[in-house]
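Biologist: I have a model open and want to learn to read it feature by feature. Where do we start?

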Amino acid sequence: MSSIPDDVIPILQSFLGTEDFIQSRTVSRAWNQDHVRLYDLVYWNSPEPVPKCFTRVRLGFKARDSSLKGSKILFLNIMGNKNITDEGFSYLEGIHTLEMSHCNQKEITNNAFSHLKAINTLQMCYCHQIT
């Protein structure tokens, strides 16, 4: 049986929707270990919780605080999302990197940042809000 070249896998994955990407993990143990890129950035545009297998996430405009509940996100990009509040930050205690440039919303206060104890990198370019 021939294998799929490693440089083709990301191209194939780019055509999969989120549910199909998750389901592809169950094809076989070899596929899961060798081909599914768990650390690629996933675009999540749903109020449903982000599956725990995704650790690098870019939230879309439909994502809400509930999208972050129970997640294991290490890298999160919320740039342009206006639905994340202080509550959403409470689900990010283990986060490493947070990208929130162009984030100007009153729902995120100083209290939100008290939950980010393990954060290494916080990107807040062009954030002109007063908290």
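Modeller: With confidence. pLDDT is the predictor's confidence in each residue, from 0 to 100. This is a predicted model. Its chain averages a pLDDT of 80, and 73% of the residues score at least 70.

Biologist: Where does the pLDDT fall below 50, and how many contacts does that stretch have beyond near neighbours in sequence?

Modeller: Look at residues 35–39. The pLDDT is below 50 there. The model still gives that stretch 20 contacts beyond near neighbours in sequence.

Biologist: Now the layout. In what order do the elements of the chain run?

Modeller: Count them, then read from the N terminus. There are 5 helices and 5 strands. The order is α-α-α-β-β-β-α-β-α-β.

Biologist: What share of the chain is buried, and what share of the exposed area comes from carbon and sulfur atoms?

Modeller: Of the 131 residues, 35% are buried. The chain exposes about 8,100 Å², with carbon and sulfur atoms supplying 55% of that area.

Biologist: How much of the contact set links residues 24 or more positions apart?

Modeller: Take the contacts with a separation of 6 or more. Pairs 24 or more positions apart account for 24% of them.

Biologist: Which residues touch the most other members of the largest nonpolar core?

Modeller: The core has 23 residues. Val57, Leu59, Leu76, Ile78, Phe89 and Leu98 touch the most other members. Two elements give two or more residues to this core: β1 (42–44) and β2 (56–59).

Biologist: Take Leu59. What does Leu59 touch, beyond four places in sequence?

Modeller: Tyr43, Trp44, Val50, Leu68, Leu76, Asn77, Ile78, Asn81 and Ile84. Two of these names, Leu76 and Ile78, also appear among the core residues I listed.

Biologist: Phe89 was listed too. Which helix residue should I compare with Phe89?

Modeller: Phe113, in helix α5. Phe113 and Phe89 are 24 residues apart in sequence, yet their C-alpha atoms are 7.2 Å apart in space. Phe113 is in contact with Phe89, and also with Met100, Ile108, Leu122 and Met124, leaving aside neighbours within four places.

Biologist: Is Phe113 buried or partly exposed?

Modeller: Partly exposed, because its relative accessibility is 23% and buried means under 20%.

Biologist: Next, a polar side chain. Where is Ser101, and what does its side chain contact?

Modeller: Ser101 sits in the loop between β4 (97–99) and α5 (110–113). At 5% relative accessibility, Ser101 counts as buried. Its side chain makes a polar contact with the side chain of Glu99, at 2.4 Å. A polar atom of the Ser101 side chain also lies 3.4 Å from the backbone nitrogen of Cys125.

Biologist: Which residues more than four places away does Ser101 touch?

Modeller: Met79, Gly80, Gln123, Met124, Cys125 and Cys127.

Biologist: Two cysteines there. Why is Cys125 not bonded to Cys127?

Modeller: A disulfide is a covalent bond between the sulfur atoms of two cysteines. The closest cysteine sulfur to that of Cys125 is in Cys127, 7.8 Å away, so the gap is too far for a bond. Cys125 is partly exposed, with a relative accessible area of 34%. A search of the whole structure finds 0 disulfides.

Biologist: Last, the backbone. What phi does Tyr126 have?

Modeller: Most residues other than glycine have a negative phi. Tyr126 is not a glycine, but its phi is positive, about 60 degrees. Tyr126 lies in the segment after β5 (121–123). At 55% relative accessibility, Tyr126 counts as exposed.

Definitions and conventions:
Residues numbered from 1 in each chain as written. Heavy atoms only, no water. Core = buried A, V, L, I, M, F, W, Y, C linked by side-chain atoms within 4.5 Å. Buried < 20%, exposed > 50% of the residue type's maximum accessible area, 1.4 Å probe, protein only. Helix = DSSP H or I, 4+ residues; strand = E, 2+ residues; numbered from the N terminus. Contact = heavy atoms within 4.5 Å. Areas by Shrake-Rupley, 256 points an atom, 1.4 Å probe, with all protein chains shown as cover. Polar contact = N/O pair within 3.5 Å; in protein donor to acceptor, adjacent residues only side chain to side chain. Disulfide = S-S within 2.5 Å.
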